[in-house]
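Open the model in your viewer and keep the selection box handy. We'll hop from stop to stop, and at each one I'll say what to pick and what is there.

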Amino acid sequence: MALAFPFSAIVGQDEMKRAILIAAVDPSVGGVLVLGDRGTGKSTAVRALAALLPKMKATVGCRYACDPAAPTGACTECDALKAGVKKVKSHLVPVPVVDLPLGATEDRVVGALDLERALTAGVKSFEPGLLARAHRGFLYVDEVNLLEDHLVDLLIDVAASGENVVEREGLSVRHPARFVLVGSGNPEEGELRPQLLDRFGLSVEVSTPTVLADRIEVVKRRDAFERDPQGFSDRWHAEDEKVRRRILKARDRVAGIEVPDSVLERAARLCMALGTDGLRGELTLMRAARALAALDGDAVVGDAHLRRVAPSALRHRLRRDPLDDTGTGARVERVVAEQIPG
Amino acid sequence: MVAADPIAPAAGVPADDPSTVDPAVLRWADALRAAALLAVDPWGFGGVALKAGHGPVRERWLTVLKSLVPHGSPWRRIPIHAGDERLLGGLDLTATLAAGRPVAQTGLLAEADGGLLLLAMAERVPGTTASRLCAALDTGECALARDGLASSRPARFGVVALDEGVGDDPPPAGALLERLAFRIDLGEVPVGVTDAFGAPGDAGADAATVAAARLRMASVEVGDESVQALCATAMALGVSSARAPLMALRAARAAAALDGRDRVGPDDTSLAARLVLAPRATQWPAPPDAAPPEDPPDAPPPEAPPEPEPESDANEPPAAEDEDTVPEPQQPLDEVVLEAAKAAIPPGLLASLMLAANAAAAAGAGRAGVMRATRLRGRPAGTRPGTPRDGARLALVDTLRAAAPWQPLRRREALAREAAGAGAGAGAGAGKASASQRPTSTPAPRLALRASDLRVARLRERTETTTIFAIDASGSSALHRLAEAKGAVELLLADCYVRRDRVAVVAFRGRAAEVLLPPTRSLVRAKRSLAGLPGGGGTPLASGIDAVAGLAEGVARRGGSAVLVFLTDGRANVARDGSGGRARADEDARDAARRLRVAGHATLLLDTSPQPAPAAQALASAMAAAYVPLPRADAASIAAPVRAATGLGSRRAPGRAR
């Protein structure tokens, strides 16, 4: 595998980096949607983060790379492996980042009958698809707004349930598929279906830096990386290491972070003021603020955390007129400023 | 660059009097330079989008390119409908069946490693293919995870995307274009120009210089001022992607390396800006005084009017001069580079670029293959004989059913063959499932399957609908009616949003029709284009109908269906050629309407005249449109009949495809 560009060497794009870090700390936040032009470092950031994450423990022999500590009943392969032995063997594997190509066929995504074994050995067996490969990692969909509708349906379903159920070609298989869905796209090229939009936990908007100096820095760093990937990565290793430690610590801590009632109330008020549909907004807001507090090393979620994650967590949830072209981000920020003064 | 510069464009160009140089010659020279640069680092540059019809000019350029890359490096061609099994490799199904064990085949992408990949008819290439290429360009490898095979092979190649689009054909997939450093348009280069210096040697470089440059390139130094100049130029031209200045930087480095120098000079930077940045321009750079802040006040005013010809000349001759000094010492490099890039933007390109970008965006990278889609996507709808390639899905049960009756016969046959051919000629002839071929001795196969048994699933997909609005904005459609029409269209747009339809807007007024909005899913843009629509002027009805027919044909060609909605009073007074006269205009309009009828799209005509008018009625019957008179329209009352008449409202029955 080629070296990935170091995460800490990405210039600017703070909101996107923050959102991806939050999703890495607490995958239950529910995926990140990145909207913006091409060539703004969207896929670079995702790949960089995955490369940064420590390898994960996976059960040897399980095709879905399940966590050995996962409870039984979630994965048939693990259950079969665990039966009869005290402790299954495990090994370390890199956190997967799986690309979902735009033209992917349904069988490639959900998995299908293993043709080779069916033809040569006469065995009916399941060949896992992209969803299985993305389990415990990231599923990256570039140009998610141009994705075929029926694939979008699939993603929505699996992302919500954390489980992929395959009923086709005489197969009946279910396997765990919990992943952080990262979608990117340019809204000018097409709208995203509202159902899918809502399914993303965080939504960020990226644009090319407008300051010349920043753009020069982007080009210089990328150029340096391409000429000498190893050397460049070595130079940024210490910085990346810091980010890695921050994520790991935050993961340990996130469950114990306290969310005071006053903050919950503020979150609820904020969502009411914005008129977001359903309760997903509040939930995501709370989870994201908690993950951010964990990243920051704070023990209690405060207004400051809420304020920083609110635009990402809410901007895509406003009930909106499809013909209204004013940015929803600005609306969120205004309401946030009203509701959480300071 | 120095006189001995191997890639100076002027090898065969009369450089002594540059002001008389034909722009086509310069363009050809630039094309050759791009070929030389590309040959230095095919994968690094991603490749080139070559817009040219099939013909001697393109062939010559390809010959030149081929002569520049090291002898024997891969040169592969992807046909338009190459499936995944050919692109990525996979299980060779026929061979697998014949051998009775998995036989893998290498894909084109891996085969092209280290060389160039020609993409035929790039503008029609399905999104799947484009996304495969993009992935390989990004990672430099070809990850294969299909048919039970999993491997990753190096695939560092450059793409030559042969764009044969003409007129308003949408350009190749945006994601792919973005990753190709160069864009060359040979459309207007006459063969005569290439005769003058189109021999393989005339690119200035040859395989040896390219090979030397490949070695040198990594060590070429780039000064900060060059990086800054390229970034500033990209910004001034409205090129937002960070890939563009990076590619330009690489081009500058390659140009210096070709030249045998160890440091990027100002001319290299200018060249890079011209070849890489200029074709991506989305805006005309602001005049120097309003330009980026680091512009010094002494910017020479004569530079301000950006006249393509003199500018390009200003840049060409220094290439032939034997000095490495900056040609205009007072001028900062930023400006020199920007001027160079500006010079390379042909007049009118920008406008067409924007239009093309819109069209491409609307078409979407994933949509080019809609016509094939029935094989790939959707819900099952029966089976047919065929091999499961290109993503077509094997229908296992039907395959087995097809094979079942033959089993006893085949088994007997296999046994007989085994007995007879234990010696030499085993496996000859049609013995596809011959067990005797296998070294490891499994007994006779449980199932003798032949390629002819295979059945694949047929899939059915909802075709995409594009609603094309044609709005008569002439003076005769009174202005308040125009407002009503706009309101109705907006209501319909909301409907289209629900159905995920695409919309397009054509307006006709004054002398001609104008496509305000090529088919798009972005309703915001549709609304914006409407809001800015002025009214008044004549009624060029024929042009309007023609424009709609053109759009609709494009939609149909891509496998979608078009619904046409005309909002007009049917009273034409401007003929096709833009001349006045009611009689001619009427005749033209009726002619256009009849042609439209032949195409057979679902059509609706909303009569916007104050009283139901015979003219509109006649027009509607000529184009076989449903006629809806709207004596007293408000927006809602227009929208309702459209929904009913086009049957759109009921189109998306959820269970339809099942």
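Start by selecting chain B, which has 25 helices and 17 strands; these are DSSP runs numbered from the N terminus, with helices being H or I of at least four residues and strands E of at least two. Chain B has 658 residues, and 51% of them are buried. A residue is buried if 20 or more other C-beta atoms lie within 10 Å of its own, exposed if 12 or fewer, and partly exposed in between, with C-beta atoms placed from the backbone. Among contacts in chain B between residues at least 6 apart in sequence, 79% join residues at least 24 apart; two residues are in contact if their C-beta atoms, placed from the backbone, lie within 7 Å.

Two things to know before you click on. This is a predicted model: local features need pLDDT of at least 70 and side-chain atom pairs count only at pLDDT 80 or more, while totals for chains, interfaces and linings use all residues. Residues are numbered from 1 along each chain as its sequence is written, and chains are lettered from A and ligands numbered from 1 in the order in which they are written.

**Stop 1: strand β13 of chain B**

Select residues 502-509 of chain B, which make up strand β13. Eight of the eight residues are buried, so the strand is largely enclosed by the rest of the structure. Turn it around and you'll find both faces covered: B:Arg502, B:Ala504, B:Val506 and B:Phe508 are on one side, and B:Val503, B:Val505, B:Ala507 and B:Arg509 on the other.

Now add the partners. Strand β12 of chain B (residues 465-472) pairs with β13(B) in the parallel sense over seven bridges; strands count as paired if DSSP finds at least two bridges between them. Look for B:Thr466 opposite B:Arg502. Strand β14 of chain B (residues 512-520) pairs with β13(B) too, in the antiparallel sense over six bridges, and there B:Ala507 stands opposite B:Glu514. Which residue of this hairpin takes a positive phi? Click on B:Gly510, where phi is near 65 degrees; the hairpin has two residues between its strands.

**Stop 2: on to β15 and β16**

Go back to β12(B) and pick up β15(B), which runs parallel to it, joined by seven bridges. Strand β15 covers residues 561-568 of chain B, and seven of its eight residues are buried. B:Phe566 is a handy residue to label: it is the bridge partner of B:Ala470, and it also stands opposite B:Leu605 in β16(B). To get from β15(B) to β16(B), the chain crosses through helix α23 of chain B (residues 582-599), a right-handed β-α-β crossover. Right-handed here says that, with the strands pointing away from the viewer, the path from the first strand over the helix to the second runs clockwise. Strand β16 itself takes in residues 602-607 of chain B, and pairs with β15(B) in the parallel sense over six bridges.

**Stop 3: a five-stranded sheet**

Still in chain B, show the open sheet whose five strands come in the order β2-β5-β8-β1-β9, with parallel pairing. β2 (75-78) and β9 (182-185) stand at the edges with a single partner strand each, so one side of each is left without a neighbour in the sheet. Inside the sheet, β5 (residues 116-119) and β8 (residues 158-163) of chain B share four bridges, and B:Leu117 has B:Val159 as its bridge partner.

**Stop 4: where a helix of A packs on a helix of B**

Select helix α9 of chain A (residues 212-227) and helix α11 of chain B (residues 224-236): they pack at an angle of about 120 degrees, with axes 9 Å apart. Axes are lines fitted to C-alpha atoms, for helices over the stretch in contact, and angles run from 0 to 180 degrees between N-to-C directions. Show side chains for A:Leu212, A:Arg215, A:Ile216, A:Val219 and A:Lys220, which meet B:Val227, B:Gln228, B:Cys231, B:Ala232 and B:Met235.

**Last stop: A:Val182**

Finish in chain A, at A:Val182 in strand β10 (residues 180-185). Is A:Val182 buried or exposed? A:Val182 has 28 C-beta neighbours inside 10 Å, so it counts as buried. Now pick A:Val32: it is 150 residues from A:Val182 in sequence, yet 4.8 Å away in space, C-alpha to C-alpha.
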